[in-house]
Amino acid sequence: MDEQAIVKRAIAGDEQAFLYLIQNHEQTLYRMAFAYLRNEHDAVEAVQETTYRSLKKYIL
């Protein structure tokens, strides 16, 4: 299944599709955070916060 279809499923409320997207892009998020923050701890914290906020928004 292509990424666009998974995104559409996630938007429609498919929790498994949403979790797949989060897991699939975790390394990209980390690399981007590390590029900006230049600190491993801060980058991990930023990814955790981003994931938390996404889940919180998705669930509500």
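Here is a short talk about two packed helices and one aromatic pair in a predicted model.

Student: Why is helix H3 called oblique to helix H4?

Tutor: The axes of H3 (residues 26-37) and H4 (residues 40-59) come within 8 Å and cross at roughly 135 degrees. Roughly antiparallel needs an angle over 145 degrees, and roughly perpendicular covers 65 to 115. The crossing fits neither of these ranges, so H3 is oblique to H4. As for its hand, the crossing of H3 and H4 is right-handed.

Student: Which residues make that contact?

Tutor: On the H3 side they are Leu 29, Tyr 30, Ala 33, Phe 34 and Leu 37. H4 brings Glu 40, Asp 42, Ala 43, Val 44, Ala 46 and Val 47. Sorted by class, the contact has 9 nonpolar, no polar and 2 charged residues.

Student: Now the rings, please. What makes Phe 18 and Tyr 58 a stacked aromatic pair?

Tutor: Good one! Their ring centres are 4.1 Å apart, and rings pair if the centres lie within 6.5 Å. The planes are 10 degrees apart, and under 30 degrees counts as stacked, so both tests are met. The count comes to 2 aromatic pairs, and this one joins distant parts of the chain: Phe 18 lies in helix H2 (residues 15-24) and Tyr 58 in helix H4, 40 residues apart.

Student: How do you know whether Phe 18 and Tyr 58 are buried or partly exposed?

Tutor: Phe 18 has a relative accessible area of 12%; buried means under 20%, so Phe 18 is buried. Tyr 58 has 25% relative accessibility. That value lies between 20% and 50%, so Tyr 58 counts as partly exposed.

Conventions:
Residues numbered from 1 in each chain as written. Predicted model: local features only at pLDDT ≥ 70, side-chain atom pairs only at ≥ 80, totals over all residues. Heavy atoms only, no water. Axes fitted to C-alpha atoms, helices over the stretch in contact; angles between N-to-C directions. Helix = DSSP H or I, 4+ residues; strand = E, 2+ residues; numbered from the N terminus. Parallel < 35°, antiparallel > 145°, perpendicular 65-115°, else oblique. Left-handed = near helix turned anticlockwise from the far one by under 90°. Contact = heavy atoms within 4.5 Å. Nonpolar A, V, L, I, M, F, W, Y, C, P; charged D, E, K, R; others polar. Phe/Tyr/Trp six-rings, centres within 6.5 Å; stacked < 30°, edge-to-face > 60°. Buried < 20%, exposed > 50% of the residue type's maximum accessible area, 1.4 Å probe, protein only.
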